[in-house]
Amino acid sequence: FKKWKYYTLKYIDKWEKFNSRKLVRYAQEVKDLIFKAVSLRMRSDVSIGTCLSGGLDSSTIVCVINNLLLGNDISQIGDRQ
């Protein structure tokens, strides 16, 4: 068994005033990363499906898949995810 650290989280220890432009930019960056991650995992030769736990993460993934399916005109078994 070999143990190693493969990531390091950035830590900012200074305070700054709220900046609404940064908030919008950060929110868009997170949205883009989620859509890209889900889109990469939808590449398949067969129909895909999802299982929901009812949590925020699985609900988010299903909504992103539905948006991608509607926007890309990908044929699936049903009308939407």
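**A walk through two crossing helices**

T50 counts as partly exposed, because its relative accessibility is 33% and the partly exposed class runs between the under 20% of buried and the over 50% of exposed. Keep in mind that you are looking at a predicted model. T50 sits in the loop between α1 and α2, so let's use this loop residue as a way in. Follow the chain 11 residues along from T50 and you get to I61; the C-alpha atoms of these two are separated by 8.8 Å.

Now step back for the overall picture. The protein has 2 helices and 0 strands. It runs to 81 residues, and 11% of them count as buried. Take the contacts with a separation of 6 or more: residues 24 or more positions apart account for 50% of them.

How do the two helices sit against each other? Two packed helices are described by the angle between their axes and the distance between the axes. Here α1 covers residues 20-41, and its axis comes within 10 Å of the axis of α2, crossing at roughly 75°. The pair is therefore roughly perpendicular, since angles from 65 to 115 degrees go by that name.

Next, the residues that do the touching. On the α1 side you'll find I34, F35, V38 and S39, and they meet T60, I61, V64, I65, N67 and L68 of α2. Sorted by class, this contact has 7 nonpolar and 3 polar residues, with no charged ones.

Some of those names come back in the largest nonpolar core, a set of 6 residues made up of V38, M42, V64, I65, L68 and L69. Which helix gives the most to this core? That would be α2, with 4 residues.

V64 also makes a handy reference point for K31, a residue of helix α1. The two are 33 residues apart along the chain, yet their C-alpha atoms are separated by 9.5 Å. As for K31 itself, is it buried, partly exposed or exposed? It is partly exposed, because its relative accessible area is 45%, and exposed would take over 50%.

Finish with S58, found in helix α2, which spans residues 56-72. Unlike the partly exposed T50, S58 is buried. Its relative accessible area is 12%, and buried means under 20%. What does the side chain of S58 reach? The backbone oxygen of G55, at 3.4 Å; that falls inside the 3.5 Å limit for a polar contact. Leaving out residues up to four places away in sequence, S58 touches C51, L52 and S53.

Conventions:
Residues are numbered from 1 along each chain as its sequence is written. This is a predicted model: local features need pLDDT of at least 70, side-chain atom pairs count only at pLDDT 80 or more; totals for chains, interfaces and linings use all residues. Side-chain values use heavy atoms; hydrogens and water are left out. Buried means under 20% relative accessible area, exposed over 50%, partly exposed in between (1.4 Å probe, protein chains only). A polar contact is a pair of N or O atoms within 3.5 Å; within protein, one must be able to donate a hydrogen and the other to accept it, and residues adjacent in sequence count only if both atoms are side-chain atoms. Contact means heavy atoms within 4.5 Å. Axes are lines fitted to C-alpha atoms, for helices over the stretch in contact, and angles run from 0 to 180 degrees between N-to-C directions. Angles under 35 degrees count as roughly parallel, over 145 as roughly antiparallel, 65 to 115 as roughly perpendicular and the rest as oblique. Ala, Val, Leu, Ile, Met, Phe, Trp, Tyr, Cys and Pro count as nonpolar, Asp, Glu, Lys and Arg as charged, and the others, Gly among them, as polar. A nonpolar core is a set of buried Ala, Val, Leu, Ile, Met, Phe, Trp, Tyr and Cys residues joined through side-chain atoms within 4.5 Å.
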